[in-house]
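Colleague: I'd like to learn how to read a structure like a modeller does. Could you walk me through one, feature by feature?

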Amino acid sequence: MAENQDAAADDQPLLIADRLSKAYGRLTACRDVSFALYPGEVLAIVGESGSGKTTLLQLLSAQLVPNAGCVSYRMRDGVTRDLAALGEAERRFLFRTDWGYVHQDPAQGLRMAVSAGANVGERLMAVGWNHYGRIRDTASSWLERVEIDVGRIDDAPRTYSGGMRQRLQIARNLVTEPRLVFMDEPTGGLDVSVQARLLDLMRNLVSELGLAAIVVTHDLAVARLLSHRVMVMKGGRVIETGLTDQVLDDPREPYTQLLVSSILPA
Amino acid sequence: MNAPAYNFAYLDEQTKRMIRRAILKAIAIPGYQVPFASREMPMPYGWGTGGVQVTAAILGPNDVLKVIDQGSDDTTNAISIRKFFAKTAGVATTTATADATVIQTRHRIPEAPLHGGQVLVYQVPIPEPLRFLEPRETETRRMHALGEYGLIHVKLYEDIARFGHIATSYAYPVKVNARYVMDPSPTPKFDNPKMDNCPALQLFGAGREKRIYAIPPHTSVLSLDFEDHPFTRYRFDAPCALCGAEDSYLDEIVTDDRGGRMFVCSDTDYCETRQSSGHRGSENAAPHKERAHG
Ligand SMILES: Nc1ncnc2c1ncn2[C@@H]1O[C@H](COP(=O)(O)OP(=O)(O)OP(=O)(O)O)[C@@H](O)[C@H]1O
Ligand SMILES: [Mg+2]
Ligand SMILES: [Zn+2]
């Protein structure tokens with residue numbers, strides 16, 4: 001697989017899900033999901049509560065072990081690897097360098113009692129950065145990029161508003177220039193105007209950095225604004241998939257039609 | 001003759017063997033925290049029961065024991081532990097660092113250089129250096145196993161962001177043998193360099209937390225820092241008021257109720273040894289030796 005690393009690297013999938021299934025006891029939370037994600041592509045996973053979105057995201061990011069199927073990822077060296085075959089150290093390294101994970105609840109993705117600067121700098125320190133001044137400068141420039149006043153760099157996120165926390169979480173993840181970011185309801189629980197600003201920021205960052213992203217949301221407006229492609233889940237299955245505009249403007253499945261009409265009233 | 005109601009050095013032989021196994025494992029993996037089945041000792045945890053158990057497990061009848069607390073042989077804590085072993089093991093005790101074969105300590109490493117054949121036993125309250133930022137035990141264990149120590153630098157970063165310099169001055173984190181990050185217990189960072197390449201064996205016992213760890217003789221011990229904020233030793237910039245030492249760690253002592261204070265060696269044995277060989281500080285200068293400033 002390694003031969004044609006550089007040439008046409010963007011033609012090869014970054015991540016491949018192959019017949020993923022996950023059951024909790026007798027409940028199948030995710031059933032037979034397959035797709036490929038390409039570099040720079042943003043995929044939205046939509047569906048009602050309990051449809052299996054978070055379960056799928058955790059399978060894709062190797063936080064859950066599937067009952068069947070596998071996830072492979074093209075590493076920075078161009079070699080595509082089965083995530084289940086990675087050692088724990090490799091997996092954790094991947095997670096804090098080439099991947100990002102933005103939680104709905106910022107308390108899960110941030111160290112709430114540690115300054116914003118250290119929150120952003122943590123990944124750099126984890127990969128061996130050892131110069132305080134450079135870590136701080138890099139953290140400052142990331143705070144600027146996510147529109148957080150650099151004067152707040154020494155404040156802990158527990159003193160931040162909800163929207164600022166989410167933006168800080170994004171900066172903390174992007175500081176190592178990952179190629180893939182997982183997001184689980186990144187705008188959930190925020191006021192509408194705060195959501196709009198966050199979405200705008202995310203859209204700009206994703207396109208500037210050429211990031212690939214998998215965004216779980218039950219808000220179709222989020223999918224519409226951020227994603228190139230949509231997967232619609234119901235009862236653990238993917239029931240419809242396609243280009244975002246196509247799926248949202250012209251849904252095939254009755255369930256998707258219901259979803260679209262209830263959340264995006266014409 | 002009434003037979004003592006307790007075994008040599010208080011603990012029964014089976015318990016001592018269990019602790020020795022943990023110590024051997026700790027020596028084999030420098031800086032790694034080995035769990036052990038900590039026993040109740042006839043003293044409260046705050047008195048260093050971890051250190052006491054380690055000492056009890058390694059003590060032999062020919063050992064000479066020194067016990068210090070904050071550098072002093074004469075605090076209640078040091079005296080009781082010394083008496084405890086004098087009574088339960090019948091070992092000789094000393095206050096002279098050079099004469100001791102086993103030194104149990106809280107807070108300090110003696111100023112006199114240690115030598116091969118000596119064992120320094122530390123009483124440790126909190127053995128886990130990652131605890132303050134990562135409360136989950138499963139996670140800190142994984143971090144040690146994988147050598148993921150970025151969090152230590154997060155702590156040092158926070159210090160600099162808040163105080164302009166690395167303000168951690170006790171329990172300053174070190175990397176042992178280029179592998180495990182270790183908390184040297186509440187010793188002042190002034191003592192950190194003494195741990196590096198030390199000819200004596202260093203053993204650490206945490207009673208409440210049930211952990212033993214070790215630095216074998218001549219092992220590298222590196223104080224963690226940033227390139228642009230390197231580790232520095234710290235001592236008050238003054239000579240000892242009693243012995244004039246310029247290189248020892250000092251305690252600040254309040255001398256009266258009008259705010260008078262002086263700095264004296266925290267290592268009482270070191271200070272007294274210097275005084276008895278004629279060194280004098282400002283507070284007890286012999287009249288004929290009054291410092292003749294130019
Ligand atoms: N740890 C678990 N143990 C048992 N059942 C679980 C577990 N996690 C999820 N489930 C179940 O699996 C199904 C899918 O859950 P999942 O969290 O993936 O849904 P979701 O689409 O993310 O929902 P929401 O929009 O509410 O976040 C649900 O029925 C849920 O109750
Ligand atoms: Mg969910
Ligand atoms: Zn002195």
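Colleague: Let me start with a side chain: which backbone nitrogen does the side chain of B:Asp159 reach?

Modeller: Before I answer, keep in mind that this is a predicted model. The partner is B:Thr168, whose backbone nitrogen sits 2.6 Å from the B:Asp159 side chain. B:Asp159 itself belongs to helix 5 of chain B. It counts as buried, because its relative accessibility is 8% and the cut-off for buried is under 20%.

Colleague: What does the side chain of A:Asp149 contact in the backbone?

Modeller: A polar atom of that side chain lies 2.8 Å from the backbone nitrogen of A:Gly151. A:Asp149 sits in a loop, the one between helix 5 (132-145) and helix 6 (162-174) of chain A.

Colleague: And is A:Asp149 buried or exposed?

Modeller: Exposed, with a relative accessible area of 52%. The cut-off to remember there is over 50%.

Colleague: How far is A:Asp149 from A:Met164 in space?

Modeller: Go C-alpha to C-alpha and you get 9.8 Å, with their positions 15 residues apart in sequence. A:Met164 also makes a pair with A:Val194: their C-alpha atoms are 9.2 Å apart, at a separation of 30 residues along the chain. A:Val194 is part of helix 7 (residues 192-209) of chain A, and at 28% relative accessibility it counts as partly exposed.

Colleague: Now a metal. Which protein atoms are the donors of the zinc ion (ligand 3)?

Modeller: The SG atoms of B:Cys240, B:Cys243, B:Cys265 and B:Cys271, at 2.2 to 2.3 Å from the ion. Along the chain, those donors follow the spacing C-x2-C-x21-C-x5-C. Look at B:Cys243 and B:Cys271: the former is in the loop between strand 10 (221-223) and strand 11 (250-254) of chain B, the latter in helix 7 (residues 268-276) of chain B, so this pair ties together parts 28 residues apart in sequence. B:Cys243 is buried at a relative accessible area of 1%, and B:Cys271 is buried too, at 3%.

Colleague: What geometry does the site of the zinc ion (ligand 3) have?

Modeller: The general idea is to compare angles with an ideal, which for four tetrahedral donors is 109.5 degrees. In this case the angles among the four donor atoms run from 104 to 117°, and the site is tetrahedral.

Colleague: On to the other ligand. Which residues surround ligand 1?

Modeller: The shell is made of A:Tyr24, A:Leu27, A:Ala29, A:Glu48, A:Ser49, A:Gly50, A:Ser51, A:Gly52, A:Lys53, A:Thr54, A:Thr55 and A:His218. By character, that is three nonpolar, seven polar and two charged residues. Strand 2 (27-37) and helix 1 (53-60) of chain A each give at least two residues to this shell, and helix 1 has the largest share, three residues.

Colleague: Where are the polar contacts to the oxygen atoms of ligand 1?

Modeller: Two involve backbone atoms: a backbone N or O atom of A:Gly50 lies 2.8 Å from a ligand 1 oxygen, and a polar backbone atom of A:Ser51 is 3.3 Å from one. From a side chain, an N or O atom of A:Thr54 comes in at 2.8 Å. As for cover, ligand 1 taken alone exposes 630 Å², and the protein buries 58% of that.

Colleague: Back to the backbone. What is the phi of B:Gln70?

Modeller: As a general idea, most residues other than glycine have a negative phi. B:Gln70 isn't a glycine, yet its phi is positive, about 55°. It's placed in the loop between strand 2 (64-69) and helix 3 (76-88) of chain B, and it is partly exposed at 39% relative accessibility. B:Ala171 is another non-glycine residue with a positive phi, about 50°. Its loop runs between helix 5 (150-163) and strand 6 (174-176) of chain B, and its relative accessibility of 26% makes it partly exposed.

Colleague: Last one: how many residues of helix 2 (residues 49-58) of chain B are buried?

Modeller: Nine of the ten, so that helix is largely enclosed by the rest of the structure. Among the buried ones are B:Val52, B:Val54, B:Ala56 and B:Ala57. The buried set also includes B:Thr49, B:Gln53 and B:Thr55.

Conventions
Residues numbered from 1 in each chain as written. Chains lettered and ligands numbered in written order. Predicted model: local features only at pLDDT ≥ 70, side-chain atom pairs only at ≥ 80, totals over all residues. Heavy atoms only, no water. Near = heavy atom within 4 Å. Polar contact = N/O pair within 3.5 Å; in protein donor to acceptor, adjacent residues only side chain to side chain. Areas by Shrake-Rupley, 256 points an atom, 1.4 Å probe, with all protein chains shown as cover. Helix = DSSP H or I, 4+ residues; strand = E, 2+ residues; numbered from the N terminus. Nonpolar A, V, L, I, M, F, W, Y, C, P; charged D, E, K, R; others polar. Buried < 20%, exposed > 50% of the residue type's maximum accessible area, 1.4 Å probe, protein only. Donors = N, O, S within 2.8 Å, 3.2 Å for Na, K, Ca; no water. Tetrahedral: all angles 85-135°; square planar, octahedral: opposite > 155°, others 65-115°.
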